[in-house]
Amino acid sequence: MRDEIFAKARKQGHMRRNRTIVNIVVYVVLVIFCAIWLYPILWIFLSAFRDQRNADGQFIGSIVSNYWPEGFGIESFRRLFTETLFLRQFGNTLLVAVCSCVLSTLLTLSTAYVMSKIKFKMRKPFMNLAMILGLFPGFMSMVAIYYILKALQLTQSLFALILCYSAGAGMGFYVAKGFFDTVPNALVESAKLDGATQAQIFWKVVLPLSKPIIIYTALLAFTGPWMDFIFARVILGQENEELHTVAVALYQMMYGPKASGDVFTTFAAGCVCVAVPIVTLFLCMQKYYIEGATAGAVKG
Amino acid sequence: MTNLIALTQTGANWLLAVLIIVVVAQLLTVVCLILARYKKLGVVLNAVKNWFVGVGRAIRNFFVKLGKGTARRFREFHERFVDGSVGTKLSHFIMGSGNFYHKQICKGILFLVFQLLFIAFMALSPAINDTPLGGQALVNLVTLGKHDVAGGIDPVTGRPVKIDNSMLMLLFGVVTLGIIAIYIFVWLANIASSYKADLDQRYGGGPTSFKTDLKSMLDTNFHKTMLAPTILGVTVFTILPTLYMILIAFTNYGGDNAVGQVHFNWVGFDNFVEMFTNPNGEIAARFGSVLLWTVIWAFFATFTNYFGGIFLAILINRKGIKGKVIFRTVFIMTIAIPQFISLLAIRNLLATSGPVNGMLMKMGLISEPVNFLGLNPNLPVNENFVKMMIILINMWVGVPYTMLMTSGILMNIPTDLYEAAKVDGAKPLKIFFKITFPYIFFITTPYLISSFIGNVTSFNIIFMLTGGGPTVAGYKAGKTDLLVTWLYKLTIDNNEYSTGAVIGILTFICTSVLTLVTYRRSKSYKEEDTFQ
């Protein structure tokens with residue numbers, strides 16, 4: 001009897017030790033993964049604050065082969081703000097982001113709500129149409145928009161870009177629709193019985209319950225213009241520097257026609273200026289982001 | 001071990017092959033997991049047969065339904081004409097007359113004004129940039145203009161001849177067709193509104209007032225109000241341009257004399273025929289390999305991210321691991337950083353003069369820099385090695401997202417499933433393959449499909465990392481170009497508009513075939529309530 005108890009205790013000890021070993025392995029793997037994922041990000045950060053000089057004491061702005069810089073300084077930021085149009089371009093992006101955030105959120109939520117809670121005749125065909133349109137490569141229409149704007153001699157403007165970002169937003173209603181599907185129908189029905197109109201139900205009953213999805217949609221719409229590169233580049237053209245958004249501006253800085261090898265640290269400084277606010281925003285809102293992303297996975 | 005470069009270059013082919021085998025094996029496991037639900041091979045074959053029969057039936061049903069629906073519409077249209085009041089009959093010809101008949105003055109005026117505006121628009125053909133809209137635009141849509149060169153006097157109009165701007169003619173033709181479609185829609189609405197007033201008169205409390213109709217926009221017709229902006233936006237910024245681009249594929253727009261070219265013609269299916277008849281043409285020569293690489297890329301990109309993400313999520317969510325929040329925050333941070341920053345950072349990190357090569361050289365592993373992304377023209381390039389690097393870097397970009405997504409699902413797996421398994425004495429590995437993975441796979445099937453399509457049309461990774469290189473002499477499509485980056489190069493960089501449009505259509509065909517094949521599967525999944 002005693003032996004059995006000891007054997008059992010020993011076995012449990014084994015298992016506990018096994019589990020500890022596995023846990024240590026998992027920790028090591030996770031730390032290695034984190035290192036891999038942080039490696040490029042940290043490098044951009046270090047490059048932005050790098051102050052490395054050649055034998056003549058001149059600042060080196062190009063890529064160097066050492067990961068850890070020889071000295072730190074803010075010369076790159078001075079260059080970024082005085083020698084380029086970065087501040088102006090940052091303002092452009094902010095303007096586009098705010099406007100398209102408001103417009104897109106309204107469009108997405110209204111479409112999603114209608115698709116989820118109102119049963120009307122054309123609902124099914126409309127959803128099928130949305131799916132078919134999603135199959136065309138997005139920038140097939142983008143290329144056409146570019147030529148249409150050009151042919152109509154409409155100046156390439158930020159306004160056009162805002163419209164392009166927001167106009168199609170209604171088609172991305174799937175995640176928000178999934179959310180509205182979880183709002184109980186009984187709530188809508190009882191409000192209807194109390195004499196509320198459809199508009200009142202939307203504004204006064206459903207929307208106040210939908211804070212997570214509102215924040216998620218707005219977050220994606222706001223960060224979109226900061227992350228999008230190709231649309232802005234095509235619509236705004238490569239030459240109009242004063243109209244560029246940060247993504248286009250930083251790409252052009254490195255690989256545009258006027259690019260020189262000496263701008264890498266300036267580019268890195270620009271990246272830091274863009275990434276820090278966006279990452280902060282994401283981390284503050286991560287609860288809502290994760291909720292939305294998970295729902296999106298299920299809804300497709 | 002002084003020269004790693006030769007090793008990596010030849011090793012890349014082997015690594016790629018191994019990678020292919022691993023992923024194919026994983027895929028087979030997945031297929032087996034699905035098939036495991038059916039016990040015998042006969043059942044499986046039967047299921048496959050049923051699937052095809054089902055698709056056939058669905059297509060037939062669609063057309064039968066369409067035919068019946070159209071017939072019904074026409075019948076109803078006729079009955080309404082016979083049954084309606086004088087006003088309704090008249091409103092088939094003069095819009096709004098039915099509303100005037102029922103003293104719905106505001107509505108009647110709106111309809112009438114709309115009709116008059118439309119007639120004026122079609123007859124007067126207002127011009128923008130010397131190119132007419134309206135009726136004239138329809139004629140132009142067919143001819144696409146005839147003047148190649150400017151000069152001389154037109155004998156008909158007596159005005160100096162300008163070069164016809166076919167691009168605008170095509171665009172305005174499509175716009176005019178759209179306006180005609182809107183007109184037909186409003187015309188039908190006008191008849192319906194008049195007939196509704198008839199019925200209200202006959203059975204109810206008389207025709208509704210304009211105020212009531214307006215109020216209904218916030219109540220019974222709320223969905224119309226809510227959808228209107230979306231429909232408008234999508235029509236103008238998605239449907240119209242897509243239609244326009246599709247039409248461009250049937251013209252000879254672009255090519256050698258594209259710069260400054262404004263006049264072009266319809267060529268029918270010539271651009272598509274050329275694909276097969278001109279083996280040295282851009283499309284015929286490169287389409288096969290670009291398509292192959294696009295499919296391989298989409299496949300690997302989807303599944304490496306998927307399994308990598310699940311793996312990472314399981315590690316982070318393991319019981320007894322502390323600091324989950326910290327680990328998760330690190331990965332969310334990488335999601336939040338705009339792609340162009342992280343991709344360009346990695347591209348420069350791997351540059352021949354960059355820190356990775358510097359470190360490898362300092363450690364004595366290589367004697368000359370490795371051309372990771374094939375961007376340095378002075379060093380040897382291995383195409384497969386570059387492709388493998390792209391897929392690995394894509395994992396850096398995509399795995400955190402899948403991790404985040406599957407984390408949420410992992411936490412939602414009903415715990416009683418696990419407890420039951422533990423009581424039955426199942427080992428952790430068995431629990432994973434019998435419960436965790438099937439559950440995640442079941443829930444994320446729609447995501448897998450949409451992410452596969454997303455990868456077929458993904459642009460940033462290739463454009464930022466390699467720009468499609470290494471280049472192929474004589475052709476625009478490089479060795480790592482996807483269909484979409486090729487489309488971009490053709491249209492934006494090289495003005496090959498019609499060729500680009502052909503590629504766009506082919507891309508659409510690829511994605512829609514993929515979706516059609518998988519759609520029924522996922523739909524049946526969605527309708528299944530229980531998880532087995």
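A residue is taken as buried if 20 or more other C-beta atoms lie within 10 Å of its own, exposed if 12 or fewer, and partly exposed in between, with C-beta atoms placed from the backbone. The model is predicted, so local features need pLDDT of at least 70 and side-chain atom pairs count only at pLDDT 80 or more, while totals for chains, interfaces and linings use all residues. Residues are numbered from 1 along each chain as its sequence is written, and chains are lettered from A and ligands numbered from 1 in the order in which they are written.

By that burial cut-off, Asn495(B) comes out as partly exposed, with 18 other C-beta atoms within 10 Å. Asn495(B) has a positive phi of about 60° despite not being a glycine, and sits in the loop between α19 (483–493) and α20 of chain B. Helices here are DSSP runs of H or I with at least four residues, strands are runs of E with at least two, and both are numbered from the N terminus. Ser125(B) is another non-glycine with a positive phi, in this case about 50°. The loop between α5 (105–124) and β1 (127–128) of chain B holds Ser125(B), which is partly exposed with 19 other C-beta atoms within 10 Å.

Chain B as a whole has 20 helices and 2 strands. Of its 532 residues, 34% are buried. Counting two residues as in contact if their C-beta atoms, placed from the backbone, lie within 7 Å, pairs 24 or more positions apart make up 64% of the chain B contacts with a separation of 6 or more.

Chain B splits into domain 1 (4–37 + 273–527) and domain 2 (86–272), with bounds that come from an automatic or database domain assignment. Between the two, 12 residues of domain 1 are in contact with 15 residues of domain 2. On the domain 1 side, α10 (270–277) and α20 (497–527) each supply at least two residues, and α20(B) gives the most, with 7. That side divides into 6 nonpolar, 4 polar and 2 charged residues; Ala, Val, Leu, Ile, Met, Phe, Trp, Tyr, Cys and Pro count as nonpolar, Asp, Glu, Lys and Arg as charged, and the others, Gly among them, as polar.

Turning to the two chains, 79 residues of chain B are in contact with 75 residues of chain A. Helix α9 (residues 222–248) gives the most to the chain B side, with 15 residues. The chain B side breaks down into 49 nonpolar, 28 polar and 2 charged residues.

A nonpolar core means a set of buried Ala, Val, Leu, Ile, Met, Phe, Trp, Tyr and Cys residues joined through C-beta atoms within 7 Å. The largest has 165 residues, and those touching the most other members are Val143(A), Ile235(A), Ala247(A), Leu250(A), Phe340(B) and Ile341(B). Helix α11 (residues 282–316) of chain B contributes the largest share of this core, 13 residues. Leaving aside residues up to four places away in sequence, Val143(A) touches Val234(A), Met245(B), Thr491(B), Ile492(B) and Gly500(B).

Within chain A, helix α3 (residues 86–117) meets helix α6 (residues 158–167) through residues including Leu95(A) and Leu103(A) on α3(A), and Ile162(A) and Tyr165(A) on α6(A). This contact divides into 9 nonpolar, 4 polar and no charged residues.
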